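Biologist: I've got the sequence and the model open side by side. Can you walk me through it, one question at a time?

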Amino acid sequence: MNKFDYEEGGSNDMKKIRFLIPAIVTVFVILIIYFLGIRNITLENIEFVLNAVITCVTTMSGFILTSISILIGLSNSRVMQTIAKKNAIGELVFRYTEPLIVGLMLIIACVALGALVPDNKTIGCVWAYCFVGLSVYYIVSMIITGKYLLKILHEILVEPQRLKSSATPSVPPGEFPHGQ
C-alpha cells in the first residue's frame with residue numbers, strides 16, 4: 001500500500017475539506033472564545049508574549065525553508081517522482097506556502113499589536129480574535145505540514161530498505177580495469 005494514499009482516491013469534497021481544516025478549527029476556537037464571553041484580553045507581559053510568538057514563528061519558518069531545500073535535493077528520488085506522477089506537487093507547494101504566509105501575517109499582527117496596545121495592556125475584541133485566530137491557524141497548518149513532511153521522510157527512509165530487499169546480485173554497469 002502506498003503511503004501517499006491521501007493523494008489517491010477519495011472524493012474531491014474530502015480533498016477540499018482537508019485544505020479547509022485549519023480554517024475550520026480556527027473558526028471553532030473563535031466561536032468558543034466568543035460564547036465564553038471573552039471580549040477583551042489583558043496581558044501584563046504582552047511584550048514577552050509577542051516576542052515569544054515572533055521567535056517561534058521565525059524558528060518554525062526556518063525549519064520549513066530548510067526542509068524545502070532538502071526536498072529540492074531529493075527531487076530525483078523515487079518518492080518525489082511518485083508525488084509528481086500523482087500530481088501532488090500542488091499540494092506540496094500549498095502545504096509549505098500556507099504556514100509561511102500565515103506566519104508572516106502573524107508576525108505583522110504581533111508588531112501591530114505591540115505598537116497599538118495601550119498602556120493598560122488590554123487587547124480589544126477585534127485584535128484579540130485576529131491574534132487568536134492567526135495563532136490557531138498557524139499552529140494547525142504547521143501540524144499538517146509536519147505530518148506531510150513526516151510521511152515523505154518515512155518514504156525516503158523506507159526506500160533504501162525496499163531496494164535492498166528486492167535487489168538481486170548483478171554486475172554494476174560500466175567498464176572496469178582488469179588485472180591491475
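**Talking through the model**

Modeller: Happy to. Ile-46 is buried, with a relative accessible area of 5%, and it is found in helix α2. Bear in mind that this is a predicted model.

Biologist: Okay, so which residues is Ile-46 in contact with, leaving aside its neighbours within four places in sequence?

Modeller: Ile-46 belongs to helix α2, and its relative accessible area of 5% makes it buried. In space, its C-alpha lies 9.0 Å from that of Thr-122, although the two are 76 residues apart in sequence. With the neighbours within four places set aside, the contacts of Ile-46 are Val-117, Lys-121 and Ile-123.

Biologist: Lys-121 caught my eye there. Where is Lys-121 placed?

Modeller: Its backbone is worth a look: phi of Lys-121 is near 60°, a positive value in a residue other than glycine. Most residues other than glycine have a negative phi. As for its place, Lys-121 sits in the loop between α4 and β2.

Biologist: Let's zoom out. What pattern does the protein follow, read along the sequence?

Modeller: There are five helices and two strands to put in order. Buried residues make up 30% of the 180 residues. Read along the sequence, the pattern is α-β-α-α-α-β-α.

Biologist: Now the helix pair. Are α2 and α4 roughly parallel or roughly antiparallel to each other?

Modeller: The axes of α2 (residues 46-73) and α4 (residues 89-116) come within 10 Å and cross at roughly 160°. Angles over 145 degrees count as roughly antiparallel. The crossing of α2 and α4 is left-handed. By that angle, α2 and α4 are therefore roughly antiparallel.

Biologist: And what sits between them? How many of the residues of the contact of α2 with α4 are nonpolar?

Modeller: On the α2 side the contact includes Leu-50, Val-53 and Ile-54, and on the α4 side Leu-92, Tyr-96 and Pro-99 are among the residues. Of the residues of this contact, five are polar and no charged ones occur, while the nonpolar ones number 17.

Biologist: Leu-113 is on that α4 list too. Is Leu-113 buried or exposed?

Modeller: Leu-113 is found in helix α4. Leaving aside neighbours within four places in sequence, it is in contact with Leu-50, Ile-123, Trp-127 and Phe-131. The C-alpha of Gly-124, eleven residues away in sequence, is 9.9 Å from that of Leu-113. With a relative accessible area of 2%, under the 20% cut-off, Leu-113 is buried.

Biologist: On to α3. What arc around the axis do the buried residues Val-79, Met-80, Thr-82 and Ile-83 cover?

Modeller: Helix α3 covers residues 78-85, and Val-79, Met-80, Thr-82 and Ile-83 in it are buried. They lie on the same side of α3, because they cover an arc of only 155°.

Biologist: Is Arg-78 buried or partly exposed?

Modeller: Arg-78 is in helix α3. Its C-alpha is 8.2 Å from that of Ile-156, with their positions 78 residues apart in sequence. Buried would need under 20% and exposed over 50%. At 31% relative accessibility, Arg-78 counts as partly exposed.

Biologist: Last one: which residue with a positive phi follows α3?

Modeller: Most residues other than glycine have a negative phi. Here the value is positive, near 55°, and the residue that follows α3 is Asn-87.

Key
Residues are numbered from 1 along each chain as its sequence is written. This is a predicted model: local features need pLDDT of at least 70, side-chain atom pairs count only at pLDDT 80 or more; totals for chains, interfaces and linings use all residues. Side-chain values use heavy atoms; hydrogens and water are left out. Axes are lines fitted to C-alpha atoms, for helices over the stretch in contact, and angles run from 0 to 180 degrees between N-to-C directions. Helices (H or I, at least four residues) and strands (E, at least two) are DSSP runs, numbered from the N terminus. Angles under 35 degrees count as roughly parallel, over 145 as roughly antiparallel, 65 to 115 as roughly perpendicular and the rest as oblique. A crossing is left-handed if the near helix is turned anticlockwise from the far one by less than a right angle, and right-handed if clockwise. Contact means heavy atoms within 4.5 Å. Ala, Val, Leu, Ile, Met, Phe, Trp, Tyr, Cys and Pro count as nonpolar, Asp, Glu, Lys and Arg as charged, and the others, Gly among them, as polar. Buried means under 20% relative accessible area, exposed over 50%, partly exposed in between (1.4 Å probe, protein chains only). The arc is that of the directions from the helix axis to the C-beta atoms.
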